[in-house]
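The following explanation is intended for a reader who meets this structure for the first time. Please keep the sequence and the three-dimensional view at hand while reading.

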Amino acid sequence: MPKEDAREFELQSLQETRKQVTDVYGNRTLVSGSAVEKFTVIPTGIFIMDMALLGGVCESTGNCFFGWESSSKTTNCLRVAGQAQKKYPTKKVGWIDLDPMGFQQEWAMAQGCDPARVEIARPEHGEAAVDLADVLARTSDICMIITDGIAGFTSYKYLDESADRDQVSYIAKNVGKYCSKMRIAMSERSKLRNKLTILSTNQWRYKMVLMGDNRTLPGGTQSNFFHQVMLEFTAKPFNTAKPSDKSPALVDAYEGTFKTKKVKGASGIREGSYTMITDPAHKLGYGAVDEAETIAAWARKTGVIEGRGNKLVVPLYEELNFTSVADLIVRIREDDDFNLFMQQATVSKWRATKGLSPFPEDNYLSGATKHKYLGGSGFATVAKTISPPPPVVVNSPAAPVKRVPLKLPIKRPS
């Protein structure tokens, strides 16, 4: 016999279901797949990394840069932060600084990041870090939150206990809560058309094993599930001077390398390398990335540059001609407009080969909106089967985030 209080099963229309869901959970909780926004990107500030990520870091997603110590994780976060500031001039970047030497003003400016538009939070313990990240995520003027780094989510309980009571799980619990709060915040911000992007750093640790990989990343498994993109970095200092001028004590650059360990969705290339200048007296400038040769090589590979030998032509850029690859590289280094064109044209053609539209929905790539020479019929043939997306204003006014203010338990409970 059925229970007397059992509810009778009834069917209802989709419109009724949507209205019911909207009344309970708010607008844009249940929408048609055709109404879901396409991914837009924040460039990384490094060409070869944009090629790997097909334009840059996807907005409204969680991303992680990891590696050993001094592997340029924080440096790359600063470059991405600078690109986020460039794309959203009226917004700021939130920075959860869990590394005592993580954020340095001079190096940040060298990476194109404005320190005045970064809100630095330096929590005392892991619980405060989670709460501060939650508050920044509810701030409409914050477009990105960078947490440097995950291994610093140490609980106040761990800090107050005796050293003989080791509770490693405390960090994993705080990281799990952090990931859950950031996932919810990104979802809520997307409904309000106010995007939030999360970027975290993590560092390898050794573990005691007899067989297999003896490396591990702090924070538990939830961190791996939360981050849609995970890049592993290494950095090797060296001297760019001629062999006869080299000095063992002089280091004016480092070779950075990365590997894409996880990319949820389409990916461009699995690994890449770049050269970053660390000498203020260098002709390219302090913190500059020497990538002209890489841009030229990929432009030829993707067909942006046609011809060979002493007849190189850039058809989409006023039929520009070069007699050698060396001349092409010099032009890329010295002409900012040509540099931007080459990056956008190459990345967009690479995106098209991976089944994506050449440009994201907001027409923003490589730190700028679509170049004037990339809107003609010659470029449209790259992906003629994909209809062009409608233009979207990148720097639209921020929509207010209607959420209950959070009271921060910053101090340790007594």
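The paragraphs below pass from a helix to paired strands, then to a helix contact, a small set of loops and some details of the backbone. The model is predicted.

A suitable place to begin is helix α7, which covers residues 169–191 and contains 23 residues. From its first C-alpha to its last, helix α7 reaches 34 Å, close to the 33 Å expected at 1.5 Å a residue. Which residues of α7 are buried? They are Y170, N174, V175, G176, Y178, C179, M182, A185, M186 and R189. The elements that cover these buried residues include the strands β3 (62–67), β6 (142–148) and β7 (197–203). The cover also includes the helices α5 (126–137), α6 (156–160) and α8 (222–226). After α7 comes R193, a residue with a positive phi near 60°.

Strand β3, one of the elements over α7, leads on to the pairing of strands. β3 runs parallel to strand β10 (residues 229–238), and five bridges join the two. Within this pair, F65 has L231 of β10 as its bridge partner. β10 also pairs with strand β11 (residues 253–263), here in the antiparallel sense and over ten bridges. In that pairing, M230 stands opposite K262 of β11.

Beyond β11, the chain enters the loop between β11 and β12 (271–277), where K264 is found. Is K264 buried or exposed? Its relative accessible area is 66%, and exposed means over 50%, so K264 counts as exposed. K264 also lies 6.4 Å from V229, C-alpha to C-alpha, although the two are 35 residues apart in sequence.

The region of β11 can also be approached from helix α2 (residues 47–52), in which A52 is found. A52 has a relative accessibility of 0% and counts as buried. Which residues does A52 contact, once its neighbours within four places in sequence are left aside? The contacts are F258, T260, S267, G268 and I269. For F258, the separation along the chain is 206 residues, while the C-alpha atoms of A52 and F258 are separated by 9.6 Å.

A further sheet has three strands in the order β14-β15-β16; this sheet is open and its pairing is antiparallel. β14 (306–308) and β16 (320–322) each have a single partner strand and stand at the edges, so one side of each is left without a neighbour in the sheet. On average, and with direction ignored, neighbouring strands of this sheet are turned by 20° against each other. Between β14 and strand β15 (residues 311–314) there are three bridges, and these two strands run antiparallel. One example of a partnership in this pair is E306 with V313 of β15.

Attention now turns to a contact between two helices. Helix α10 (residues 325–334) packs against helix α11 (residues 336–353) at an angle of about 110°, and their axes are 5 Å apart. Angles of 65 to 115 degrees count as roughly perpendicular, which means that α10 is roughly perpendicular to α11. On the side of α10, the contact is made by L328, R331, I332 and E334, and on the side of α11 by D336, F338, N339 and M342. By class, this contact of α10 with α11 has four nonpolar, one polar and three charged residues.

Some backbone details complete the tour. D148 and G149 are joined by a cis peptide bond, with omega about 0°. G149 is found in the loop between β6 and α6, two elements that are also among those covering α7.

Two serines have a positive phi although neither is a glycine. For S72, phi is about 75°, and this residue is found in the loop between β3 and α3 (73–87). What is the relative accessible area of S72? The value is 9%, and buried means under 20%, so S72 counts as buried. For S366, phi is about 55°, and this residue is found in the loop between β17 (364–365) and β18 (368–369). S366 is likewise buried, with a relative accessible area of 12%.

Notes. Residues are numbered from 1 along each chain as its sequence is written. This is a predicted model: local features need pLDDT of at least 70, side-chain atom pairs count only at pLDDT 80 or more; totals for chains, interfaces and linings use all residues. Side-chain values use heavy atoms; hydrogens and water are left out. Helices (H or I, at least four residues) and strands (E, at least two) are DSSP runs, numbered from the N terminus. The expected span of a helix is 1.5 Å times one less than its number of residues. Buried means under 20% relative accessible area, exposed over 50%, partly exposed in between (1.4 Å probe, protein chains only). Contact means heavy atoms within 4.5 Å. Two strands pair if DSSP finds at least two bridges between them. Axes are lines fitted to C-alpha atoms, for helices over the stretch in contact, and angles run from 0 to 180 degrees between N-to-C directions. Angles under 35 degrees count as roughly parallel, over 145 as roughly antiparallel, 65 to 115 as roughly perpendicular and the rest as oblique. Ala, Val, Leu, Ile, Met, Phe, Trp, Tyr, Cys and Pro count as nonpolar, Asp, Glu, Lys and Arg as charged, and the others, Gly among them, as polar.
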